[in-house]
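Reader: I would be grateful for a close look at the salt bridges of this protein. Please describe where the paired side chains sit and how they fit into the whole.

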Amino acid sequence: MYFDINGKVALVTGANRGIGKAIAASLLQHGATKVYAAVRNLDSAAPLVATYGDSGTDRSANRVIPLRFDLAQPETIAEAAQTATDVALVVNNAGVLRNAGPLAGDAIAALQYEIDMNVFGLMRMAQAFAPVLKANGGGAFVQLNSVASLKSFADFATYAASKAAAYSIT
């Protein structure tokens with residue numbers, strides 16, 4: 001599969017650190033005109049804005065737009081879709097991990113939390129952004145799963161189960 005990002009607008013969840021930050025930076029380096037950095041804490045996107053976001057005096061043309069987003073607050077997903085109406089690429093990178101084996105005392109609570117964020121969050125994202133992508137003539141929705149979606153690990157079996165479910169939904 002190939003998707004040309006040159007000249008396109010993207011949204012990356014969890015864009016403030018790790019894989020999400022690297023994806024956002026790479027998109028900008030490879031020709032994306034704008035990236036919505038969907039993060040829980042807007043200030044956490046400041047390094048990305050400082051490096052890539054300033055387009056000069058015209059603030060409306062900034063290349064990085066921090067956007068309040070939290071998988072635990074579904075209304076922020078809907079708000080993001082209402083704000084980022086110009087996206088052609090949505091990268092759903094945000095997710096959660098709780099270290100819990102299947103016999104741990106908190107295993108059920110961990111799995112419920114991880115399913116809500118990693119699976120239902122994915123579904124909420126797809127439902128919110130599919131109409132946006134369609135209205136823009138198509139695009140791409142990218143879901144980041146994990147090797148744990150294909151292979152379980154005893155120390156974080158609940159995470160692996162949530163990622164396997166996300167893989168199946170994807």
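Author: A residue counts as buried when its relative accessible area is under 20%, as exposed when that value is over 50%, and as partly exposed in between. The model discussed here is predicted. With that cut-off in hand, K34 is buried, because its relative accessible area is 16%. Its partner is D86, and the two side chains meet in a salt bridge with an N to O distance of 2.8 Å. K34 belongs to strand β2, residues 34-39, whereas D86 sits in the loop between α3 (74-83) and β4 (89-92), so this pair ties together parts that are 52 residues apart in sequence. D86 has a relative accessible area of 31% and is therefore partly exposed. The bridge thus joins a buried lysine to a partly exposed aspartate.

The count of salt bridges in the protein comes to three. As a general point, side chains of opposite charge can pair when their charged atoms come close.

Another of these bridges is formed by the side chains of E79 and R68, at 3.6 Å from N to O. E79 lies in helix α3 and R68 in strand β3 (residues 64-68), so a helix and a strand are tied together across 11 residues of sequence. E79 counts as partly exposed because its relative accessibility is 37%. R68, at 40%, is likewise placed in the partly exposed class.

There is also a bridge between the side chains of R124 and D116, with an N to O distance of 3.4 Å. R124 has a relative accessible area of 26%, so it is partly exposed. D116, at 25% relative accessibility, is partly exposed as well.

These pairs are drawn from a wider set of charges. The protein carries 13 positive and 12 negative side chains, and the centres of the two sets lie 4 Å apart.

The setting of the bridges is a chain with five helices and five strands. From the N terminus on, the elements run β-α-β-α-β-α-β-α-β-α. The radius of gyration is 16 Å, close to the 15 Å that the globule rule gives for 170 residues, so the protein is as compact as a globular protein of that length. Its C-alpha atoms fill a box of roughly 55 × 30 × 30 Å along the principal axes. Of the 170 residues, 42% count as buried. Among contacts with a separation of 6 or more, 68% are between residues 24 or more positions apart. The exposed area is about 8800 Å², of which carbon and sulfur atoms supply 56%.

Two uncharged residues may be set beside the bridges. V96 is found in the loop between β4 and α4 (107-135). This valine is buried, with a relative accessible area of 12%. Leaving aside residues up to four places away in sequence, V96 touches Y113, E114, M117, N118 and Y159. The C-alpha atoms of V96 and N118 are separated by 6.6 Å, although the two residues are 22 apart along the chain. A50, by contrast, lies in helix α2 (residues 46-53) and counts as exposed, at 64% relative accessibility. From A50 to V64 the C-alpha distance is 9.0 Å, over 14 residues of sequence.

How values were computed: Residues numbered from 1 in each chain as written. Predicted model: local features only at pLDDT ≥ 70, side-chain atom pairs only at ≥ 80, totals over all residues. Heavy atoms only, no water. Helix = DSSP H or I, 4+ residues; strand = E, 2+ residues; numbered from the N terminus. Rg over C-alpha atoms; globule rule 2.2 N^0.38 Å. Buried < 20%, exposed > 50% of the residue type's maximum accessible area, 1.4 Å probe, protein only. Contact = heavy atoms within 4.5 Å. Areas by Shrake-Rupley, 256 points an atom, 1.4 Å probe, with all protein chains shown as cover. Lys, Arg positive; Asp, Glu negative; His and termini not counted. Charge placed at Lys NZ, Arg CZ, Asp CG, Glu CD. Salt bridge = Lys/Arg side-chain N within 4 Å of Asp/Glu carboxyl O.
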